[in-house]
Structures are given as C-alpha cells and as structure tokens.
Amino acid sequence: MFYDVQVPDPKPDHRQISALVVLTPAESRRLLAKATVALPEVQNAWQNGIIIIARGVTTAYVTEELFGITIEPKAAQTAGLICGGITNNHAGPPPCTWHVIRKGKVVEGADSNVEILSFGPEDVFIKGANAVDTQGYAGILTTHSKGGTIGMCWPIVTPRGSHLIMPIGLEKLIPSVVEAAKHTGIYHFKYSTGLPAKLIPVELGKVITEIQAFALLAGVRACNVASGGVGGSEGSVVLSLTGTEDRIEKAMTLVKSIKGEPPVESPTSNIVLSSASEYNYDATAQYARLRSM
C-alpha cells in the first residue's frame, strides 16, 4: 500500500502554481532515498531501534543518504537485477555491508537473518521491488526457491507489525501485481531471456514512489503524466507538480539537487555470463546455471 501522506490544502489567498518535471531512473532513486531516510519511522528506528537495509540498487542510494557515503558500483549492491536486456543475478559480494543499524550504529559483520529475529513493532526493514501497481501493491522478482529476501523478512515483519518500507520508482508501474504474479514462476517458463523468476506480491509494505516523495519532502502534489524516453532518458517519468508557490520553489530546489544523477552501470560479474542466446533461451538451462553457483 502507498505510504499515507497528507498534503494540506492551500489557504484561499495562496495561489497555486505547477511545474513539469522529468526524472531519469537514477534521479528518481536519489529522490526516493532522500524521502525514505526522512520518514518518521526511519528516523525513530535510527535513534531507538533497528534498521535493516536489504540488498538492492535503490537501497544502495538509501545507504548513501543515511551515512553520507558513496557506494560504487551500485548495481553490485543487489543480487537479482535486470540488465543487458535480460533478467540476471549479480555473482559477487556487495560493495557495502553496512546493512544492519542499531540505534544509529552499524553492526559490523551482521547477519540480517539473525538480526531480524530481534525486530519489534518500531523497527524498520527497507526493501526495493521490481513492480508497483495503482493499488499500491509491490511485486518482487525472485529466482530463489525459498523466496529470497522477501521470503526471509515477510514472516517476521508482518506478525510483529514492524515497518516494511519499499521505495519504488514509477518506471516500475504495471497494471496489476496480483495478476502479473499468476503468470510467473521459476519453473513456469520453457523459454526466457535470462533467469526465470517468480513475481511475489507484497500488499502491506509501505510504498514510496516519486508521488509520496514530493509530498513528504516538499508538500506538493505530484501526478505521473507520462513515462519513457530516448537518448539516456529511457525509463524516465514525467511528473506534474502542483502546490503553493513557496512549496513549488522548495520542490524545484530538490529537483535541481538531483538532476544529473549518473545512470547505474551494469555489474561486471553476473550469473548468466553474457547472453540468454548462449543457452538457446532455455529457462531450465539458465536456472541450472544459477543453482550451480
């Protein structure tokens, strides 16, 4: 479900204006990271509890914003990814292991599978996703037979009422996560361009898109009016921002601060070595490559 953000109505004597903004996927990720670390749930857990940041490209930006560091290559921070026109898995270790934080301090050498067992209702798990729909349902592609990271955290954060925060860019908007999930599975496909995967629906995560991010950080309403592009703008989202003049100025200051964010490059070490064509697009053969690693 979408994170609930209330944008206050302007006073009658305050004129509203609008701005048209294009954000590339990298710029959106930077925006989402800034909004994620500003959430009251995250700030409270930073001071008083536990934060676990799952591996991922968008969550690499979150780690950067939390600690004021740079993570490169960001694509190597994830496990599963879509790059080079195929679904794939990064084969190497993440460049940053600062993923478990207790009261503002990194737990060195932490195993998130163990640390999450201490979770309570005020603790926070931050996880990206591969899809989001207009109902606010998130979808996570996994090639892991036990459901990967979401399979690990979901049975814990859900009954304990912990916060599952999910920053997801609108480039990943699809019609229906539940419907899409019916058409996926690691054993579902005969052919695939890359690793076969299951889309796991997540209904109760608190989803942050660019719309929630602008509301949280600048108090303006955002509407996704177009998507896509060429020449480096592939995957971009076009947003119309509306608010009082002072809030639009604040939003534009934010936009200017993230414009020019460099694109995320593909990692150099992946499970499917170069092309699905080497496996004759055979889904089972590519999955066997993953299971042999």
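**Exercise 1. Determine whether K103 is buried or exposed, and describe its backbone.**

K103 has a relative accessible area of 59% and is therefore exposed, given that exposed stands for over 50%, buried for under 20% and partly exposed for what lies in between, with a 1.4 Å probe and protein chains only. The model is a predicted one, in which local features need pLDDT of at least 70 and side-chain atom pairs count only at pLDDT 80 or more, while totals for chains, interfaces and linings use all residues. Residues are numbered from 1 along each chain as its sequence is written, and side-chain values use heavy atoms, with hydrogens and water left out.

The next step is to place the residue: K103 sits in the loop between β5 (100–102) and β6 (105–106), where strands (E, at least two residues) and helices (H or I, at least four) are DSSP runs numbered from the N terminus. Although K103 is not a glycine, its phi is positive, at about 50°. Most residues other than glycine have a negative phi, and most peptide bonds are trans.

**Exercise 2. Find which residue in the loop between α8 and α9 has a positive phi although it is not a glycine, and then examine the backbone at and after α3.**

In the loop between α8 and α9 the residue is N280, whose phi is about 55°. N280 is exposed, its relative accessible area being 59%.

Turning to the region that follows α3, G68 comes just after the helix and takes a positive phi of about 65°. Further on, E72 and P73 are joined by a cis peptide bond with omega of about -10°, and P73 belongs to the loop between α3 and β3.

**Exercise 3. Work out how many of the residues of α3 are buried, and what covers them.**

Of the 11 residues of α3, 9 are buried, so the helix is largely enclosed by the rest of the structure. The buried residues are V57, T58, T59, A60, Y61, V62, T63, E64 and L66. The elements that cover them include α1, α2 (40–48), β2 (50–53), β7 (124–126) and β10 (163–167), contact being counted for heavy atoms within 4.5 Å.

**Exercise 4. Trace the salt bridges of E64, and then consider which residue K259 pairs with.**

A salt bridge is taken here as a side-chain nitrogen of Lys or Arg within 4 Å of a carboxyl oxygen of Asp or Glu, and by this rule the count comes to 12.

One partner of E64 is R30, with 2.7 Å from N to O. Because E64 lies in helix α3 (residues 57–67) and R30 in helix α1, this pair ties together parts that are 34 residues apart in sequence. Both ends count as buried, E64 at 5% relative accessibility and R30 at 11%.

E64 also forms a salt bridge with K74, the closest N and O atoms being 3.0 Å apart. K74 is in the loop between α3 and β3 (80–83), so the pair with E64 connects parts 10 residues apart in sequence, and K74 is buried as well, at 6%. Through shared partners, salt bridges join R30, K34, E64, E65, E72, K74 and E261 into one network.

The partner of K259 is E27, with closest N and O atoms 3.0 Å apart. This pair links distant parts of the chain, 232 residues apart, since K259 is in the loop between α8 (245–258) and α9 (283–291) and E27 in helix α1 (residues 25–38). K259 is partly exposed, with a relative accessible area of 40%, whereas E27 is buried, at 4%.

**Exercise 5. Describe how α7 packs with α1 and with α8.**

For α1 and helix α7 (residues 210–218), the angle is about 50° and the axes are 9 Å apart, where axes are lines fitted to C-alpha atoms over the stretch in contact and angles run from 0 to 180 degrees between N-to-C directions. The two helices are therefore oblique to each other, since angles under 35 degrees count as roughly parallel, over 145 as roughly antiparallel, 65 to 115 as roughly perpendicular and the rest as oblique. Their crossing is left-handed, meaning that the near helix is turned anticlockwise from the far one by less than a right angle, a clockwise turn being right-handed.

On the α1 side, S28, L31, L32, K34, A35 and A38 meet E210, A213, F214, L216 and L217 of α7. These residues divide into 8 nonpolar, 1 polar and 2 charged, with Ala, Val, Leu, Ile, Met, Phe, Trp, Tyr, Cys and Pro counted as nonpolar, Asp, Glu, Lys and Arg as charged, and the others, Gly among them, as polar.

For α7 and α8, the angle is about 115° with axes 9 Å apart, and the crossing is right-handed. F214, L217 and A218 of α7 make this contact with R247, K250, A251, L254 and V255 of α8, giving 6 nonpolar, no polar and 2 charged residues.
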